[in-house]
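Got your viewer open? Let's take a walk through this one, stop by stop.

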Amino acid sequence: MSWAFVLAMGLGAYLTKVVGLVVLGRSRVAPSVDRCLTLVPAALLAALVVKDTFSVGQDLVLDARALGVGTAALAAWRRAPLIVVIVLGAAVTALARAI
Amino acid sequence: MSDQRTVVVASATLGAAIGVFGVAFGVGAVAVGASVLQACALSLLVFTGASQFSAVSVLASGGSTATAFGSAMLLSARNTVYGLTMSRIISGSLPSRLVAAQLVIDESTAMAAAQPERSRQVTAFWVAGTAVFAGWNLGTLVGALAGSAIDPQVCGLDAAFPAGFVAMVAPHLRTSRGRWAALLGATICLATVPFLPVGVPILLATTGVLVGLPPERDRRAALVVP
């Protein structure tokens with residue numbers, strides 16, 4: 001990993017924060033843009049879930065991770081704390097692999 | 001129990017939970033070739049968990065640094081919206097607001113938004129932000145140091161990432177639009193994974209947010225969870 005990548009990530013992330021809090025301050029963005037931006041986590045995180053569960057590189061696969069992440073999803077749905085969800089996901093996957 | 005104390009206890013608990021999550025990040029970052037110093041620098045400078053995890057996840061699948069950076073910045077874009085919201089309660093000198101900006105993340109915004117009055121909102125923002133900052137960075141250090149000693153496959157750590165994403169996405173599925181955006185994003189990603197360079201499907205998945213374009217006709221109806 002290059003330091004340029006690390007610094008670009010830091011600078012980029014800080015910019016997204018400082019633009020909202022300090023630069024734009026109390027001004028408003030268009031309501032339609034605001035509605036779309038609030039949906040970014042839903043679309044992006046859901047995509048990351050399926051990518052990390054069902055793919056290896058460019059191949060679609062079904063393996064132990066599906067069991068682990070399925071269990072994690074069930075725990076998240078029952079509003080289990082973040083840490084419980086993560087540990088369950090990892091533990092069930094490891095267990096399924098070991099069997 | 002006073003509300004001030006409730007905020008401190010809740011923030012400390014949150015900080016500890018985030019710390020464990022930070023350990024998973026540290027392990028993951030070292031696994032994709034970051035040095036211990038780089039993993040720690042990422043958590044100190046970037047300090048927005050979903051973006052960091054997304055970048056490492058894209059790199060781990062063999063994606064380019066450009067797509068890793070792109071997905072991280074798209075995820076961090078919501079911090080701009082949080083910043084806009086927090087600018088209504090965080091006043092003070094420019095230097096203090098520049099410091100506050102680094103703490104604008106999901107947890108600090110949520111904790112502040114949950115308080116009934118302004119002075120408590122300000123306290124909640126700073127206390128939660130500081131607790132999460134401490135937990136996240138300590139966790140990253142521990143994970144990065146332990147990283148090379150841990151086989152992610154055996155411990156199921158490769159599933160810790162999607163499990164964490166599941167936990168992070170859950171609150172966003174409470175509205176029908178959130179569910180549609182998630183379904184669209186997930187479908188677009190899976191459908192394009194076999195054909196596009198690694199990481200690009202994640203960027204394409206953000207087009208799922210376009211379900212937010214039309215105005216909501218009945219706000220109440222949109223918030224009802226079946």
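Colour by chain and look at where chain B meets chain A: 15 residue pairs make polar contacts across the two, counting pairs with both residues at pLDDT 80 or more. That confidence cut-off matters here, since this is a predicted model.

Now select helix H9 of chain B, residues 160-169. With 10 residues, H9(B) supplies the largest share of the side of chain B that touches chain A. Recolour that whole side by residue class and you get 65 nonpolar, 24 polar and seven charged residues.

Hunting for salt bridges between chain B and chain A? The count is zero.

Next, show every residue in contact across the two chains: 96 from chain B and 66 from chain A. Together, chain B and chain A bury about 6,800 Å² between them, and 75% of that area is on carbon and sulfur atoms.

Time to go looking for empty space. How many cavities of 30 Å³ or more does a search of the whole structure find? Just one, with about 60 Å³ of space inside. To frame it, select Lys51(A) and Gly57(A) from chain A, then add the chain B part of the lining: Ser61(B), Cys189(B), Val193(B), Leu196(B), Pro197(B), Val198(B), Gly199(B), Pro201(B) and Ile202(B). By class, this lining has seven nonpolar, three polar and one charged residues.

Keep Ser61(B) selected, because the last stop uses it again: Ser61(B) is among the residues nearest the centre of the second largest pocket. Add Arg65(A), Ala60(B), Gln153(B) and Asp158(B), which also lie nearest that centre. The second largest pocket holds about 490 Å³ of space and has 22 lining residues.

Which elements each supply at least two residues of that lining? From chain A, pick helix H2 (31-54) and strand S1 (55-56); from chain B, pick helix H1 (3-31) and helix H3 (49-60). H1(B) gives the most, with four residues. Colour the pocket lining by class to finish: 10 nonpolar, six polar and six charged residues.

Technical notes
Residues numbered from 1 in each chain as written. Chains lettered and ligands numbered in written order. Predicted model: local features only at pLDDT ≥ 70, side-chain atom pairs only at ≥ 80, totals over all residues. Heavy atoms only, no water. 1 Å grid on protein atoms, 1.4 Å probe; cavity = no way out; pocket = protein on both sides within 12 Å on 5 of 7 lines; lining within 4 Å. Points joined across faces, edges and corners; volume = space filled by probe spheres on them. Nonpolar A, V, L, I, M, F, W, Y, C, P; charged D, E, K, R; others polar. Contact = heavy atoms within 4.5 Å. Buried area = accessible area lost by both parts, 1.4 Å probe. Salt bridge = Lys/Arg side-chain N within 4 Å of Asp/Glu carboxyl O. Polar contact = N/O pair within 3.5 Å; in protein donor to acceptor, adjacent residues only side chain to side chain.
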